[in-house]
Amino acid sequence: MIRMSNISWRFLSVWRRNLIVYRKIWKVNFLVPLLEPAFYILAFGLGFQGLVQGLSYGGKALAYTQFMAPALIAISIMYNSFFETTYASFVRMYYQKTFDGMMTTPLSLEEIILAEIVWGATKATAAAAVMTLVLGLFGFVNFPQGLLIVPLAFLGGLAFGAVGMFFTGITPSIDMFNLPIFLFITPMFLFSGTFFPVSGLPEWAQTAALIFPLYHLVELSRACCLGLVETNPLLSLGYLIVFTLCFLVLGLTTMRRRLIK
Amino acid sequence: MDQQPTAAGEIILQVDNLGKHYNGVSAVAGISFAVRAGECFGLLGPNGAGKTSAIRMIYGFAPPSSGSLRVFSLDVADDWRRIRSRVGVCQQDNTLDPDLSVLQNLLIFAGYFQIPADQARERAEELLHFFALEKKREAKVGELSGGLARRLTLARALINDPELIILDEPTTGLDPQSRHLLWEKLHALRARGKTFILTTHYMEEAAQLCDRLVIMDHGRILIEGAPTGLIEAHVGSSIIEVSGADQELVDFLAERKVEFDRMADRLVIYNKGNAEIEQAVRAGFHSRQCTFRSATLEDVFLRLTGRELRE
Ligand SMILES: Nc1ncnc2c1ncn2[C@@H]1O[C@H](COP(=O)(O)OP(=O)(O)OP(=O)(O)O)[C@@H](O)[C@H]1O
Ligand SMILES: [Mg+2]
């Protein structure tokens, strides 16, 4: 279905289009990652103070906020890229007919879709970078290895951008995105070692968490921020790469089927 | 880019037995025609005739289900990129980018063609001037009126200085002023040797702009030819319209083997310049409201495609 000859660096011109639109409201776009971690840290730091004394992760005792901070970055990567290639791409594809217009130029559908996914990853990377800096100021990130968040965010952004595009390729209408969010995104948000360590869950739940791409992203994010892990980071990295490649192919295939009639 | 200007009269588009099915339903059922350099070729037909489907295959958006298609002697399936870099398309739907300003719409579109930035800017300024959009350069696309948006769409379709310009209903929904402005611009472009493929529901527009045209219905081509020739051949030069269907008149016409269409409230008589019929109608049925007029492309269209509504 997908022709490799249809993919070239021309996709960057579509990526650039999204960047130009993004820059128009860049202040708003940066406000969220700037403030969001502060809200969470405040809420959980103050609110959970009396409830959670601290916990053990990767064989080390951590304050609860220390444990949670790297997960906030991973969650933000997921949301930024997934929402970009679902709602935002759907609006461009369906309501604005932006892709139809592009299809009169020497751009292939593959390039347009790839650009959307890479754009989602870019947006996620920008948000993650801002959050890492903010959390670094709070003392939650060890530098310089914390800077590895940047390439990690791009990979994670590609992974969730690609899944999002897959759902865009098969969703009958924009309202139906509620379904993958409820069945896929929200469970991951809760059970990927984000707000409590997976090691505290029953055996079967621990195994199930390994399927979640967010689990691996959170793991790697903790490795970058704290230098701690509970799963082999190479396994996590390998999983994310394979996951990304699979859904890139699925995203391109379903979008092709949807748009080329 | 290996862009050789096409010699006048050379075949730019060759369509042979082209077909398109959607889930087994046929939208284009084997059409054939050729368009030469410098020509303005019209694709006419009622709603759902298959015009847009045909056009989408020409610029390589939709793969043909059957038949063959060559643009600039290139095969669309393999050489779509080279073809699209030499074609400008004004789609039926508004596909302007609402997230961008008027000027940005042109500049970013130029980017899709890999046109260098300084050249794109120059070209965009030229086009803004040509379509009298200079004052709106910073406006948001959503703020443009229908006519301005259409002008911008056309400007955008010309950003790559295309040799072949495909216009899918460029003037639908425009007021007479905007329509006349667009016609003027199209004439100016024709003078520069551009080739056009045009669809429209305004028969007057087709008659005025097209050198040759086809009338399609249900995915098939019914007739092909120059507007004046088609009028002469299919309805003759003159028409008499008589209000009220009168059995006496019907009998009279049938007896003389004069062709006519009968509608609920009137008769359309194709008298083909026959003065005798005209005299007889004037003398015998003057009590009714009669209109004597010359035939138009619209008469041909309605005659061939019927008068009932589509879809
Ligand atoms: N993507 C599609 N999927 C299924 N059917 C389609 C699709 N696009 C067009 N059709 C059908 O193909 C037929 C031809 O449609 P097309 O849009 O080519 O007509 P048209 O001549 O451009 O009409 P109009 O004057 O209304 O623009 C119609 O019956 C239409 O319903
Ligand atoms: Mg149409």
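Here is a quick tour of two ligand sites and a handful of residues worth finding in the structure above. Keep in mind that this is a predicted model. We start with ligand 1, which has 15 residues around it, then move to the magnesium ion, which is ligand 2. After that come some backbone oddities and two residues with contrasting surroundings.

**Around ligand 1**

- Of the 15 residues that surround ligand 1, the closest are B:Gly48, B:Lys51, B:Thr52, B:Ser53 and B:Gln92.
- If you sort the shell by residue type, you get 4 nonpolar, 7 polar and 4 charged residues.
- Helix H1 of chain B, which covers residues 51–58, gives the most to this shell, with 4 residues.
- The backbone joins in too: a polar backbone atom of B:Gly50 sits 2.9 Å from an oxygen atom of ligand 1.
- For B:Ala49, the distance from a polar backbone atom to an oxygen atom of the ligand is 3.2 Å.
- A side chain also shows up here, with an N or O atom of B:Glu169 lying 3.4 Å from an oxygen atom of ligand 1.
- Taken alone, ligand 1 would expose 630 Å², and the protein buries 69% of that.

**The magnesium ion**

- Which atoms coordinate the magnesium ion? They are OG1 of B:Thr52 and OE1 of B:Gln92, at 1.9 to 2.1 Å.
- This pair links distant parts of the chain, since the two residues are 40 residues apart.
- B:Thr52 belongs to helix H1 of chain B, while B:Gln92 is in the loop between strand S6 (87–90) and helix H3 (102–112) of that chain.
- B:Thr52 has a relative accessible area of 22%, so it counts as partly exposed, a label that starts at 20%.
- B:Gln92 is partly exposed as well, with a value of 34%.
- Both names should ring a bell, as B:Thr52 and B:Gln92 are also listed among the closest residues to ligand 1.

**Backbone oddities**

- B:Glu169, the residue with the side-chain atom 3.4 Å from ligand 1, has a positive phi of about 50 degrees although it is not a glycine.
- You can find B:Glu169 in the loop between strand S7 (164–168) and helix H6 (176–191) of chain B.
- Is B:Glu169 buried or exposed? Its relative accessible area is 7%, so it is buried, a label for values under 20%.
- B:Gln114 also has a positive phi without being a glycine, this time near 60 degrees.
- B:Gln114 lies in the loop between H3 and H4 of chain B, and at 42% relative accessibility it is partly exposed.
- Over in chain A, a cis peptide bond joins A:Phe143 and A:Pro144, with omega at about 5 degrees.
- A:Pro144 has its place in the loop between helix H5 (109–137) and helix H6 (149–170) of chain A.

**One buried residue, one exposed**

- A:Arg92 is part of helix H3 of chain A, which runs over residues 64–95.
- With 9% relative accessibility, A:Arg92 counts as buried.
- Leaving out residues up to four places away in sequence, A:Arg92 touches several others, including A:Arg17, A:Glu84, A:Phe99, A:Glu116 and A:Trp119.
- B:Ala117 is found in helix H4 (residues 117–130) of chain B.
- B:Ala117 is exposed because its relative accessible area of 64% is over the 50% cut-off.
- To get a feel for distances in chain B, look from B:Ala117 to B:Phe292: their C-alpha atoms are separated by 58 Å, and the residues are 175 apart along the chain.

Key
Residues numbered from 1 in each chain as written. Chains lettered and ligands numbered in written order. Predicted model: local features only at pLDDT ≥ 70, side-chain atom pairs only at ≥ 80, totals over all residues. Heavy atoms only, no water. Near = heavy atom within 4 Å. Polar contact = N/O pair within 3.5 Å; in protein donor to acceptor, adjacent residues only side chain to side chain. Areas by Shrake-Rupley, 256 points an atom, 1.4 Å probe, with all protein chains shown as cover. Nonpolar A, V, L, I, M, F, W, Y, C, P; charged D, E, K, R; others polar. Donors = N, O, S within 2.8 Å, 3.2 Å for Na, K, Ca; no water. Buried < 20%, exposed > 50% of the residue type's maximum accessible area, 1.4 Å probe, protein only. Contact = heavy atoms within 4.5 Å.
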